[in-house]
Amino acid sequence: DRGRSIRYALDDVLDRVMFDSAAYEPFGVVETMPQRSGYVGGVHSVSVDYTLDSRDNGHLYSGRQVYVVEDNRLFVLSFHGLRHNLELFEAIVDSVSFPRSRCIL
């Protein structure tokens with residue numbers, strides 16, 4: 001069955017799902033940092049950090065989106081908040097694991 005043989009990798013989907021700063025521009029000035037490679041649960045990942053200088057309340061928000069494909073599934077881990085809470089998000093990302101199983105399509 002052809003549908004069961006299709007396998008996606010992160011590079012296959014990244015351009016379609018990557019953080020788009022234009023979506024946040026109505027809320028303030030967005031600065032996007034360069035993409036970084038890493039690992040989540042032992043699987044290759046790509047992340048992007050950004051800041052949002054809010055027009056409404058003058059807060060400077062930090063954000064991070066982490067993308068990983070495991071067993072033909074895309075996972076996006078997202079943080080948007082105050083910089084001092086980014087450490088908690090990093091601990092959550094570090095706790096992610098992917099139990100070995102086959103994707104059922």
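**A guided tour of two helices and two cores**

In this predicted model, begin with the largest nonpolar core, which has 13 residues. Select L10, L14, M18, F19 and Y67, the residues with the most contacts inside this core. Next, colour α2, β3 and β4, the elements that each give two or more residues to the core. Strand β3 gives the most, with four residues. As general background, nonpolar side chains tend to be buried together in soluble globular proteins.

**First stop: F19**

Keep F19 selected and display its surroundings. Which residues does F19 touch, not counting those up to four places away in sequence? The contacts are Y24, V30, T32, V48, Y50, Q65 and Y67. Of these, Y67 was already selected as one of the residues with the most contacts inside the largest core.

**Second stop: helix α2**

Select residues 10-17, which form helix α2. Which residues of this helix are buried? They are L10, V13 and L14. These three residues lie on the same side of α2, because they cover an arc of only 125° around the axis. The spacing follows a general rule: an α-helix has 3.6 residues a turn, so residues three or four places apart point the same way. Now turn the view to the other side of α2, where D11, D15 and R16 are exposed. To see what the buried residues of α2 pack against, add β3 (43-54), β4 (60-70) and β5 (73-81) to the selection.

**Third stop: S47 in strand β3**

Proceed along strand β3 to S47. Is S47 buried or exposed? The cut-off for a buried residue is under 20% relative accessible area; S47 has a relative accessibility of 8% and therefore counts as buried. Not counting residues up to four places away in sequence, S47 touches P34, Q35, R36, R64, Q65 and V66. Q65 also appears among the contacts of F19.

**Fourth stop: helix α3**

Select residues 86-94, which form helix α3. Its buried residues are L86, F89 and V93. Why do they lie on the same side of α3? They do so because they cover an arc of only 55° around the axis. On the other side of α3, look for the exposed residues E87, L88 and D94. The buried residues of α3 pack against β2 (36-40), β4 and β5. Strands β4 and β5 are also packing partners of the buried residues of α2.

**Last stop: back to the cores**

Return to the largest nonpolar core, to which β3 gives four residues. Apart from this core lies another, of 10 residues. To locate this other core, select some of its members, including V43, V68, L77 and F98.

Notes
Residues are numbered from 1 along each chain as its sequence is written. This is a predicted model: local features need pLDDT of at least 70, side-chain atom pairs count only at pLDDT 80 or more; totals for chains, interfaces and linings use all residues. Side-chain values use heavy atoms; hydrogens and water are left out. Buried means under 20% relative accessible area, exposed over 50%, partly exposed in between (1.4 Å probe, protein chains only). The arc is that of the directions from the helix axis to the C-beta atoms. Contact means heavy atoms within 4.5 Å. A nonpolar core is a set of buried Ala, Val, Leu, Ile, Met, Phe, Trp, Tyr and Cys residues joined through side-chain atoms within 4.5 Å.
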